[in-house]
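The following exercises ask the reader to examine one protein chain step by step. Each task is followed by a worked solution.

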Amino acid sequence: MKALYCILLLTLSNVFMTLAWYGHLQLKQFPMLAKLSIFGIIMLSWGLAFFEYIFQVPANRLGSEETGGPFSLFQLKTIQEAVSLTVFTLITVFIFKTDKLAWNHLVGFVFLVIAVFFIFKKW
């Protein structure tokens, strides 16, 4: 169960991370926010990043072997990266609608799955 909770929390964390890191690039769609200064954009991003950390820190604590979870640090980082790219792709394609998913992205994702296999494989 800890593994599932960890992955769910990392997914929520990455939604906020993607919005904090890349959402400000979409502000032109919102006239009131489009007028923010760079300082305002930084504050908005930090506000979103606060929620990223609210989910990310407990996810890592639940998932880490050091605190009774099922994953090593390498495994946690690999899960986080795979979740991050998945969430980023979904938000970019379906919410931001700025890019289209192409064959080369899918090939890259296949290589990421292979990387996950090698990180998790007990040799």
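**Exercise 1. How many salt bridges does a search of the whole structure find? Identify the residues involved and describe their surroundings.**

Solution. The model is a predicted one.

Step 1. A search of the whole structure yields 1 salt bridge.

Step 2. The partners are Lys77 and Glu81, whose side chains meet at 2.8 Å, N to O. This satisfies the cut-off, because a side-chain nitrogen of Lys or Arg must lie within 4 Å of a carboxyl oxygen of Asp or Glu. In general, side chains of opposite charge can pair when their charged atoms come close.

Step 3. Both Lys77 and Glu81 belong to helix α4, and they are 4 residues apart, which is about one turn of the helix.

Step 4. To classify their exposure, recall that partly exposed covers the range between 20% and 50% relative accessible area. Lys77 has a value of 47% and is therefore partly exposed. Glu81, at 35%, also counts as partly exposed.

**Exercise 2. Describe the overall make-up of the protein chain: which elements does it contain, and what part of its residues is buried?**

Solution. Step 1. The protein chain contains 5 helices and 0 strands. Read from the N terminus, the order of elements is α-α-α-α-α.

Step 2. Along the principal axes, the C-alpha atoms occupy a box of roughly 55 × 35 × 20 Å.

Step 3. Of the 123 residues in the protein chain, 27% are buried. The accessible surface amounts to about 8,500 Å², and carbon and sulfur atoms account for 75% of this area.

Step 4. Among contacts in the protein chain with a separation of 6 or more, 69% join residues that are 24 or more positions apart.

**Exercise 3. Why does the span of α1 agree with expectation? State also which of its residues are buried.**

Solution. Step 1. Helix α1 has 21 residues, so at 1.5 Å a residue it should span 30 Å. The multiplication uses one less than the number of residues.

Step 2. The end C-alpha atoms of α1 are 29 Å apart, which agrees with the expected span.

Step 3. The buried residues of α1 are Cys6, Leu9, Leu10, Ser13, Asn14, Met17, Thr18 and Ala20. These buried residues pack against α3 (38-63) and α4.

**Exercise 4. Which residues make up the largest nonpolar core, and which element gives the most to it?**

Solution. Step 1. The largest nonpolar core has 11 residues: Cys6, Leu9, Leu10, Ala59, Phe71, Leu76, Ile79, Val83, Val87, Ile91 and Phe96.

Step 2. Two or more residues of this core come from each of α1 (2-22) and α4 (73-96). Helix α4 gives the most, with 6 residues.

Step 3. Phe71 may serve as an example of a core member. Apart from its neighbours within four places in sequence, Phe71 contacts Ala3, Cys6, Gly63, Ser64, Glu65, Leu76, Ile79 and Phe120.

**Exercise 5. Compare two loop residues: is Gln26 buried or exposed, and is Lys97 buried or exposed?**

Solution. Step 1. Gln26 lies in the loop between α1 and α2 (31-34). Its relative accessible area is 9%, and Gln26 is therefore buried.

Step 2. Leaving out residues up to four places away in sequence, Gln26 touches Phe96 and Thr98.

Step 3. Lys97 is placed in the loop between α4 and α5. Because its relative accessibility is 63%, Lys97 counts as exposed.

Step 4. The phi angle of Lys97 is near 55°, a positive value in a residue other than glycine. Most residues other than glycine have a negative phi.

**Exercise 6. Which residues make the nonpolar surface patch of about 970 Å²? Locate two of them and assess their exposure.**

Solution. Step 1. The patch is made by Trp103, Val107, Val110, Phe111, Ile114, Phe117, Phe118 and Trp123.

Step 2. Val107 is situated in helix α5 (residues 103-120), and Val110 is found in helix α5 as well.

Step 3. The relative accessible area of Val107 is 37%, so Val107 is partly exposed. For Val110 the value is 48%, so Val110 is partly exposed.

Step 4. Val110 and Phe88 are 22 residues apart along the chain, and their C-alpha atoms are separated by 16 Å.

Key. Residues numbered from 1 in each chain as written. Predicted model: local features only at pLDDT ≥ 70, side-chain atom pairs only at ≥ 80, totals over all residues. Heavy atoms only, no water. Core = buried A, V, L, I, M, F, W, Y, C linked by side-chain atoms within 4.5 Å. Buried < 20%, exposed > 50% of the residue type's maximum accessible area, 1.4 Å probe, protein only. Contact = heavy atoms within 4.5 Å. Patch = residues over 30% accessible without salt bridge, like charges linked within 9 Å, V, L, I, M, F, W, Y side chains within 5 Å. Areas by Shrake-Rupley, 256 points an atom, 1.4 Å probe, with all protein chains shown as cover.
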